[in-house]
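Trainee: I should like to work through this protein model with you, beginning with its surface and ending with its charged pairs.

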Amino acid sequence: MEKASGSDIAEGIAEALRVGATLGVRHLARGTSLTSRNVLAALAAEGPSRLTALATATGIAQPAMTQLVGRMEREGLVVRLIDPEDGRATLVAITDAGRARRAEQHQSVHERMAELLDRLSADDQATLALAMRVAMPLLQQLTRDAAQHPQSEPAAASLIT
């Protein structure tokens, strides 16, 4: 039996993550853009943030973030606040409506996943559940590592092709 090289392993993991990301973005999460979902998630987790921080965190240009936040503000999902540490700066915060939208999105994703899992056999469901229990702590570690050591240019746009 031939041992897989490090690059073969990395390629296989990257492909599995790409397929999972495609499932999540194209088939599970519907109704709002991936970027707006990421903005709501960041604001819910981190609290009020400056536009520049949101743009950096999501990997989009600041003018595009300004437009997105304006649209989300008109929808009542976020609100702009004066930064208490610098009165010239603006913070963006999630609203109760934004939190409700996030909850609706999570519920929708869970319901759609349940529908899709019902199409698998019980054995396949058990196999996938075991794989996810094993993979989850490792994916969480990779996520923490990626956040602590970001790339200079985001690669998110090429992830889902």
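The exchange below takes up the surface, the strands and the salt bridges in turn.

Mentor: This is a predicted model, in which local features need pLDDT of at least 70, side-chain atom pairs count only at pLDDT 80 or more, and totals for chains, interfaces and linings use all residues. Residues are numbered from 1 along each chain as its sequence is written, and side-chain values use heavy atoms, with hydrogens and water left out.

Trainee: Which element gives the largest share of the nonpolar patch?

Mentor: A patch is made of residues with over 30% relative accessible area and no salt bridge, where like charges are joined within 9 Å and nonpolar side chains (Val, Leu, Ile, Met, Phe, Trp, Tyr) within 5 Å. Here I9, I13, L17, L139 and L142 form such a nonpolar patch, with about 420 Å² of accessible area together (Shrake-Rupley method, 1.4 Å probe, only the protein chains shown counting as cover for residues). Two elements give two or more residues to the patch, helix 1 (6-28) and helix 6 (122-148); helices (H or I, at least four residues) and strands (E, at least two) are DSSP runs numbered from the N terminus. The largest share, three residues, comes from helix 1.

Trainee: Is L17 buried, partly exposed or exposed?

Mentor: L17 has its place in helix 1. Buried means under 20% relative accessible area, exposed over 50%, and partly exposed in between (1.4 Å probe, protein chains only). Because its relative accessible area is 39%, L17 is partly exposed.

Trainee: Which residue of strand 3 stands opposite I82?

Mentor: Strand 2 (residues 78-83) and strand 3 (residues 86-94) run antiparallel and are joined by six bridges; two strands pair if DSSP finds at least two bridges between them. They form a hairpin with two residues between them. In this pairing, the residue opposite I82 is T90.

Trainee: How far apart are the closest N and O atoms of R18 and E15?

Mentor: A salt bridge is a side-chain nitrogen of Lys or Arg within 4 Å of a carboxyl oxygen of Asp or Glu, and the structure holds eight of them. R18 and E15 both lie in helix 1, three residues apart, about one turn of the helix. R18 is partly exposed at 21% relative accessibility, and E15 is partly exposed at 39%. The closest N and O atoms of this salt bridge are 2.7 Å apart.

Trainee: What is the N to O distance in the salt bridge of R101 and E75?

Mentor: E75 also forms a salt bridge with R71, whose closest N and O atoms are 2.9 Å from those of E75. E75 is partly exposed, with a relative accessible area of 37%. The pair of R101 and E75 links distant parts of the chain, with R101 in helix 5 and E75 in the loop between helix 4 (62-74) and strand 2, 26 residues apart. The N to O distance for R101 and E75 is 3.8 Å.

Trainee: Which residues do salt bridges that share partners join into one network?

Mentor: Side chains of opposite charge can pair when their charged atoms come close. Through shared partners, salt bridges join into one network R50, D83, D86 and R88.
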